Amino acid sequence: MAAPKYGLNPHLAKACPEPPVPLAKAWAASYPGSSSPFASSSSSSSASPPSQPLLNLAQGVPGHAPHASLIERMSQEAKRAPMETHGYGHVFGDASLRQALSHDLSTVYGAEVSVDKVACTAGCNMAAAVVFHALAQPGEAIVLPTPWYFNHQMTLASLAVEAVPLPTQSPAFLPSAQAFEDLVRRHNYGPASSSLPRIKAVVLVTPNNPTGSIYPHQLLDDFYAICAREGVALIVDET
Ligand SMILES: Cc1ncc(COP(=O)(O)O)c(C=O)c1O
């Protein structure tokens, strides 16, 4: 097929990985096939399927229909107030939802998060896209601990914002606050800073996708202190 004359965003083709959700679905669908570790290590004949059931620990992947009671409630609400459920709402989200979130955030984090500081998006990927867009220009950078959540890197690539890796080690996969501080210093005002993209933010995902690691409070506090000191935004994704 001929390439379109209008050209496409070159950043998209440059650094976007294959989406892992269909890949994981294909692994699950092939179970208990030859790709199963149980099948290959089983002492019985390879013809007999493994006895262990598949435990799907995937999070955030809507591969199952909602419970019937939820579907029922949604249809009741759609009939009760069609314009509230189908029309454009407040740009930052329903007042009652923002109020409830403000209360929850203030309670969980032990610090006042007023309603006017709460904005709702259609899903967390959109929240990440909006925040990245608001914080960084093309050519600037946002730090992502590795291995990262693939959509964060894809969104940054499409915005031409550099994803600066902050390596973590197995088995805990906890990012080091010291290593993060070193990165910020090197990029933002070290001797080589003029040739390095300026770091505008760091994204912490806890519980982490893909590692499952849960970051201790102290680690979050340490990142917060560095970010506050260095004038770098701290983005926490708790999806
Ligand atoms: C860390 C993280 N952020 C964002 C998302 C996407 O969230 P949403 O489907 O609400 O856009 C996921 C989904 O797995 C996730 O794991």
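**View 1. Burial and overall make-up of the protein.** Buried residues account for 17% of the 239 residues in the protein, and the model shown here is a predicted one. The chain contains ten helices and four strands, and when the elements are read along the sequence they follow the pattern α-α-α-α-α-α-α-β-α-β-α-β-α-β. Among the contacts in the protein with a separation of 6 or more, 52% are between residues that lie 24 or more positions apart.

**View 2. The open sheet and its strand order.** Four strands form an open sheet in the order β2-β1-β3-β4, and their pairing is parallel. Because β2 and β4 stand at the edges and have a single partner strand each, one side of each is left without a neighbour in the sheet. Neighbouring strands of this sheet are turned against each other by 30° on average, direction ignored. Helix α9 packs on the sheet, where it touches β1, β2 and β3, and its direction makes about 160° with that of β3.

**View 3. Strand β3 and its two partners.** Is strand β3 mostly covered or mostly uncovered? Seven of its seven residues are buried, and β3 is thus described as mostly covered. Three bridges join β3 to β1, with the two strands running parallel, and Ile142 has Ala201 of β3 as its bridge partner. Towards β4 (residues 233–237), five bridges join the parallel pair; here Val203 stands opposite Ile235, and Leu204 stands opposite Val236. Strands of a sheet pair in general through backbone hydrogen bonds, in either a parallel or an antiparallel way.

**View 4. The largest nonpolar core.** This core has 28 residues, and those with the most contacts inside it are Ile142, Val143, Leu144, Phe180, Ala201, Val202 and Val203. At least two residues of the core are supplied by each of α7 (124–135), β1 (141–145), β2 (162–166), α9 (177–188), β3 (199–205) and α10, while β3 gives the most, with six residues. In soluble globular proteins, nonpolar side chains tend to be buried together. Leu144 can serve as an example to trace in the structure: leaving aside its neighbours within four places in sequence, Leu144 is in contact with His152, Gln153, Ala163, Pro165, Leu166 and Val203.

**View 5. Helix α10 between two strands.** Together, β3, α10 and β4 make a right-handed β-α-β unit. What span should the 14 residues of helix α10 (residues 217–230) have, at 1.5 Å a residue? The expected span is 20 Å, and because the end C-alpha atoms of the helix are 20 Å apart, the model agrees with this expectation. Just after α10, Gly231 takes a positive phi of about 70°.

**View 6. Phe150 and the prolines that it contacts.** Phe150 is found in helix α8 (residues 150–158). Is Phe150 buried or partly exposed? A residue needs 20 or more C-beta neighbours within 10 Å to be buried and has 12 or fewer if exposed, so Phe150, with 16 C-beta neighbours inside 10 Å, counts as partly exposed. Leaving aside its neighbours within four places in sequence, Phe150 is in contact with Pro17, Pro19 and Pro20. Of these, Pro19 is 131 residues away from Phe150 in sequence, and yet the two are 7.6 Å apart in space, C-alpha to C-alpha.

How values were computed
Residues are numbered from 1 along each chain as its sequence is written. This is a predicted model: local features need pLDDT of at least 70, side-chain atom pairs count only at pLDDT 80 or more; totals for chains, interfaces and linings use all residues. The expected span of a helix is 1.5 Å times one less than its number of residues. A nonpolar core is a set of buried Ala, Val, Leu, Ile, Met, Phe, Trp, Tyr and Cys residues joined through C-beta atoms within 7 Å. Two residues are in contact if their C-beta atoms, placed from the backbone, lie within 7 Å. Two strands pair if DSSP finds at least two bridges between them. A crossover is right-handed if, with the strands pointing away from the viewer, the path from the first strand over the helix to the second runs clockwise. Axes are lines fitted to C-alpha atoms, for helices over the stretch in contact, and angles run from 0 to 180 degrees between N-to-C directions.
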